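Here are a few friendly notes to read alongside the model. Please have the structure open as you go through the points.

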Amino acid sequence: MFYNGANCDIYIRKGAGKKLLNDIRNARKSIKIVSPYLSPFLITELIKFRKRNLDVELITTDNIEDFYGSYDKNIHKLINQNIETDEIAVEKREKWKDISKILTYIGFGLLIILIGVAYYIKDIKTAFGLIPIIILFLVVKLYKNKIKNKRIYSYWYSQLFPFKVYMSPDKSDQSDTFIHSKIYLIDDQIAYLGSLNFTSSGTKHNYETRIRTEDPNAIQEIKDEIYQLMNHSHLPERDIQFWGKQLYKEPIN
């Protein structure tokens, strides 16, 4: 069958993703996917492909399925947290700890001495000896607060493999364009277009339409389009650093 001059195979009904998934799992070099919605088990498949040293690229939207509330959700699997340690800050904090311990020992030592003196002298004036001890413990508390609030770790985030997450119009006032395409390019030789998202329902259960082609001219056009979306689109997208801070805890020390 020919579609706009390209030789292609057209499939319409349930199970439209069976052949797609088979081609993806037999990929030898690369997998490039454009899909606004994703299923966790299919993201896991992409991670496995990346571990096999296949080139993986993904273009999706911030409606990404199952984003909120769990370390097992899609986007959390695709963003790595990287930690850097400020060695100078660590050294300073350790000095503060040592000073805090020394002052604490001195404070308790003076308190014991004061109690002994008060026991033998039995003079109310010895209570004034508590003043420097109280000041000493206030200094200790000050150091403990400094230790607690001293930042020794800084964080930055990286992608497990190249991906873009575009903002949907209802979450951005900068564009009214929604990336709703579903495009799959395998080894730069096989392409799928159609209605099925990279989800369990899309590939297996929904009544979907998909076109499969190996036509060289069509492949090149699709390859160019994915490249433009990955590298030169001016549409608003999620900032990886900001998103990472939402996903991960960032203890300062």
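1. A good place to begin is a cross-strand neighbour: Ile 33 stands opposite Tyr 184, which belongs to β8. Please keep in mind throughout that this is a predicted model. The strands concerned, β3 and β8, run antiparallel and are joined by four bridges.

2. On to the next strand. β8 also pairs with β9, again in the antiparallel sense, over four bridges. Here Tyr 184 has Tyr 192 of β9 as its bridge partner. The two strands β8 and β9 make a hairpin with three residues between them. If you check backbone torsions, look at Asp 187 in that turn, whose phi is positive at about 55°.

3. Which side chains of β8 are buried on its two sides? Ile 183 and Leu 185 are buried on one side, Tyr 184 and Ile 186 on the other, and both faces of the strand are covered.

4. Now for helix α1, residues 18-25. Its buried residues include Leu 20, Leu 21, Asp 23 and Ile 24. These lie on the same side of α1 because they cover an arc of only 160° around the axis. You may want to note that an aspartate, Asp 23, is among the buried residues.

5. What do the buried residues of α1 pack against? Their partners are the strands β3 (30-34), β8 (183-186), β9 (190-194) and β10 (208-213), together with the helices α2 (40-51) and α6 (200-205). The strands β3, β8 and β9 from the points above thus return here as packing partners of α1.

6. Aromatic pairs come next, and a search of the whole structure finds five. One of them joins Tyr 119 and Tyr 120, edge-to-face, at 5.3 Å centre to centre with 85° between the planes. Tyr 119 counts as exposed because its relative accessibility is 56%, over the 50% cut-off. Tyr 120, at 69%, counts as exposed too.

7. Phe 161 and Phe 163 form another pair: their ring centres are 6.4 Å apart and their planes stand at 75°, so this one is edge-to-face. Are these two rings buried or exposed? Phe 161 has 2% relative accessibility and counts as buried, and Phe 163, at 5%, counts as buried as well.

8. Lastly, two charges over rings, for anyone interested in cation–ring geometry. Arg 13 lies over the face of Tyr 11, at 5.3 Å from the ring centre. Lys 146 has its charged end over the ring of Trp 96, 4.2 Å from the centre of that ring.

Technical notes:
Residues are numbered from 1 along each chain as its sequence is written. This is a predicted model: local features need pLDDT of at least 70, side-chain atom pairs count only at pLDDT 80 or more; totals for chains, interfaces and linings use all residues. Side-chain values use heavy atoms; hydrogens and water are left out. Buried means under 20% relative accessible area, exposed over 50%, partly exposed in between (1.4 Å probe, protein chains only). The arc is that of the directions from the helix axis to the C-beta atoms. Contact means heavy atoms within 4.5 Å. Two strands pair if DSSP finds at least two bridges between them. Rings of Phe, Tyr and Trp (its six-membered ring) pair if their centres lie within 6.5 Å; planes under 30 degrees apart count as stacked, over 60 as edge-to-face and the rest as tilted. A charge sits over a ring if NZ of Lys or CZ of Arg is within 6 Å of the ring centre and within 35 degrees of the ring normal.
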